[in-house]
Amino acid sequence: MQGKPPKTVIWVRSSLKDLKAFPEIVQSHLGFALKAAQFGQKHPDAKPLKGYGDAGVLEVIEDFDGNTYRAVYTVWFEEAIYVLHAFQKKSRSGIATPRRELTLINERLKYAKQLHDRAVRRG
């Protein structure tokens, strides 16, 4: 039996540009995790983002050269994964995702739902 084709990756707003600004080794690690998601797998470093209840919104964290980088994506949709945000965590206090970043993720998640609904209606 042949496996399912990979899901399409849809980059929401500036997420691709933001990820491309990361160091190459970080891009590679996060890209590998996103590739796993395309094939319906969960990379060992992908964890549910706190505050979203289930594993539908995930984040991958990569530490490099004293900095922390994150990519947040959703696998809620059968046809595609939506990369919602990619950012460097600036704060040195705590591991929690800053409120500003969570607000942006929420806005982009709503936008991803709208994009997906329009794509499904077009069929």
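Which residue just after α2 takes a positive phi? In this predicted model, the residue in question is Gly40, whose phi is about 80° and which sits just after α2.

**Helix α2 and the cores**

Helix α2 is built from 15 residues, and the distance from its first C-alpha to its last is 21 Å, close to the 21 Å expected at 1.5 Å a residue. Among the residues of α2 that are buried are Val26, His29, Leu30, Ala33, Leu34 and Ala37, and the list also includes the polar-named Gln27 and Gln38. An α-helix has 3.6 residues a turn, so residues three or four places apart point the same way. The buried residues of α2 are covered by elements that include the strands β1 (8–11), β3, β4 and β5 as well as the helix α1 (15–20).

The largest nonpolar core of the model comprises 16 residues, and those with the most contacts inside it are Leu19, Phe22, Leu30, Val60 and Tyr73. Two or more residues of this core come from each of α2 (24–38), β3, β4 and β5 (80–89), with α2 giving the most, namely five residues. A second core, separate from this one, has 13 residues, including Tyr52, Ala80, Tyr82 and Ala112. Within the largest core, Leu19 is one of the residues with the most contacts; when residues up to four places away in sequence are not counted, Leu19 touches Gln27, Leu30, Ala71 and Ala86.

**Salt bridges**

Side chains of opposite charge can pair when their charged atoms come close. Two salt bridges are present in the structure. In one of them Arg70 pairs with Glu59, with 3.3 Å between the closest N and O atoms, and this pair links distant parts of the chain, since Arg70 belongs to strand β4 (residues 67–74) and Glu59 to strand β3 (residues 57–64), 11 residues apart. Arg70 is buried at a relative accessible area of 3%, and Glu59 is likewise counted as buried, at 10%. In the other, the side chains of Glu101 and Arg100 meet at 3.2 Å, N to O. Here the two partners fall into separate classes: Glu101 counts as buried because its relative accessibility of 11% lies under the 20% limit, whereas Arg100 counts as exposed because its 60% lies over the 50% limit.

**A buried histidine in α3**

His116 is part of helix α3 (residues 99–122) and, at 9% relative accessibility, counts as buried. What is His116 in contact with, leaving aside its neighbours within four places in sequence? The contacts of His116 are Phe77, Glu79 and Tyr82, and Tyr82 is also a member of the second core.

**Positive phi outside glycine**

Most residues other than glycine have a negative phi, and most peptide bonds are trans. Against that background, Arg13 and Asp65 may be set side by side, as neither is a glycine.

| Residue | Phi | Loop | Relative accessibility |
|---|---|---|---|
| Arg13 | about 50° | between β1 and α1 | 56% |
| Asp65 | about 55° | between β3 and β4 | 67% |

Arg13, in the loop between β1 and α1, is exposed, and Asp65, in the loop between β3 and β4, counts as exposed too. Where does the chain place the positive phi of Gly40? Gly40 follows just after α2.

How values were computed:
Residues are numbered from 1 along each chain as its sequence is written. This is a predicted model: local features need pLDDT of at least 70, side-chain atom pairs count only at pLDDT 80 or more; totals for chains, interfaces and linings use all residues. Side-chain values use heavy atoms; hydrogens and water are left out. A salt bridge is a side-chain nitrogen of Lys or Arg within 4 Å of a carboxyl oxygen of Asp or Glu. Helices (H or I, at least four residues) and strands (E, at least two) are DSSP runs, numbered from the N terminus. Buried means under 20% relative accessible area, exposed over 50%, partly exposed in between (1.4 Å probe, protein chains only). A nonpolar core is a set of buried Ala, Val, Leu, Ile, Met, Phe, Trp, Tyr and Cys residues joined through side-chain atoms within 4.5 Å. Contact means heavy atoms within 4.5 Å. The expected span of a helix is 1.5 Å times one less than its number of residues.
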